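Hello,

Here is the structure I promised to pass on. Please have a look at it first, and then read my notes below.

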Amino acid sequence: MFRFEDPAYLYLLVIVPILVLVRLWGIRKRKMQLKKFGDLTLLKGLMPDVSPVRRGVKFWLMIASVMLLIIMLARPQMGTKINQEQRQGIEVLIALDISNSMNAEDVEPSRLDKSKMLIENLVDNFTEDKVGLVVFAGDAFVQLPITSDYVSAKMFLQNIDPSLIAVQGTNLAEAINLSSKSFTKQDKVGRAIIVITDGEDHEGGAVEAAKKAKKEGMRVFVLGVGSTKGTLLPDGHGGYMKDNSGQEVMSALNEDMCKQVAEAGGGAYIHVENNNMAQKQLDNEIAKLQKGDIMSVVYSEYDEQFQAVGILLLLALIAETLILESRNPLFKRIKVFK
């Protein structure tokens, strides 16, 4: 497994496009200055050994060197050993609603963003547990198979938005059924399905799916996100979504349905508002689950890989030094850069 020990240094890569812009500005300024001395074609004939291609190659070698240096600072590492470790923990499948109604802003910053924050905080509290992620709207699919790799879980979480699923709606039944099938086959382990949704456009069958999951030894928790009073849906362009008749679309939390599903699944219903109470309630409920022996694949003995990057950096610097802006008299017969 590949990782960066100090990934914060990668933010320095922002200087690369700045250097490119400075380079383009310098080329334009140079042409303007040369025009003051005469026709560019004539001037080029007077300086046959000066090559803009050589200058370009030197510049891109310099850019490559800067990028390689930043990557070195971030300390690339490779996991060289895989261990099967037995831990005491639980398994949690999070089913996240990503329908368009989750863009509503009755919960700050939005229903979807608030849900992501809840999940990230929940994962931060895990130590020896496993977590998986299912996303759903009118359809459902596994975004992240159940794992103990919390870094990957949070990375996948950040990339979630409603565009992942074209079919709109809130197919809770499909989300619960898919989550039920996504656990491992290990015995005597506490399993929870955490459904995070506003429950709008419910397509039916969710209560039956929750009952089935309960019979199979899972508990279904439902986090209802949003206001029961309803709010307008942003269209992403500064306005609000409208239906076919031109009326602005309202979206409200279907709290009754969420409570029914949680009750059928033997779990609890938690209302998510603009405070931290939902997070505390969820943590308390998860803590009640039975911990059991679970097998986890763990990468260990990460080896530093900056030496290889350093060699590439050194080669780039040597090449940049050897290539002159004008043709070297010793290599005039070699026409690599004209």
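The largest nonpolar core has 36 residues, and Ile94, Leu96, Ile194 and Ile286 touch the most other members. By a nonpolar core I mean a set of buried Ala, Val, Leu, Ile, Met, Phe, Trp, Tyr and Cys residues joined through side-chain atoms within 4.5 Å; buried is under 20% relative accessible area and exposed over 50%, with partly exposed in between (1.4 Å probe, protein chains only). Helix 4 gives the most to this core, five residues.

Before going on, note that this is a predicted model: local features need pLDDT of at least 70 and side-chain atom pairs pLDDT 80 or more, while totals for chains, interfaces and linings use all residues. Residues are numbered from 1 along each chain as its sequence is written, and side-chain values use heavy atoms, without hydrogens or water.

Setting aside neighbours within four places in sequence, Ile286 is in contact (heavy atoms within 4.5 Å) with Ile90, Leu122, Phe126, Ala192 and Ile194. Another core, of 28 residues, lies apart from the one above and includes Ala175, Leu178, Val222 and Tyr269.

Now to helix 7, residues 206–215 (helices are DSSP runs of H or I, at least four residues; strands are runs of E, at least two; both are numbered from the N terminus). Ala206, Ala209, Ala210 and Ala213 are buried there. The buried residues of helix 7 fall within an arc of 100 degrees seen down its axis (taken from the directions from the axis to the C-beta atoms), so they line one face of the helix. Glu208 and Lys215, on the other side of helix 7, are exposed.

Best wishes
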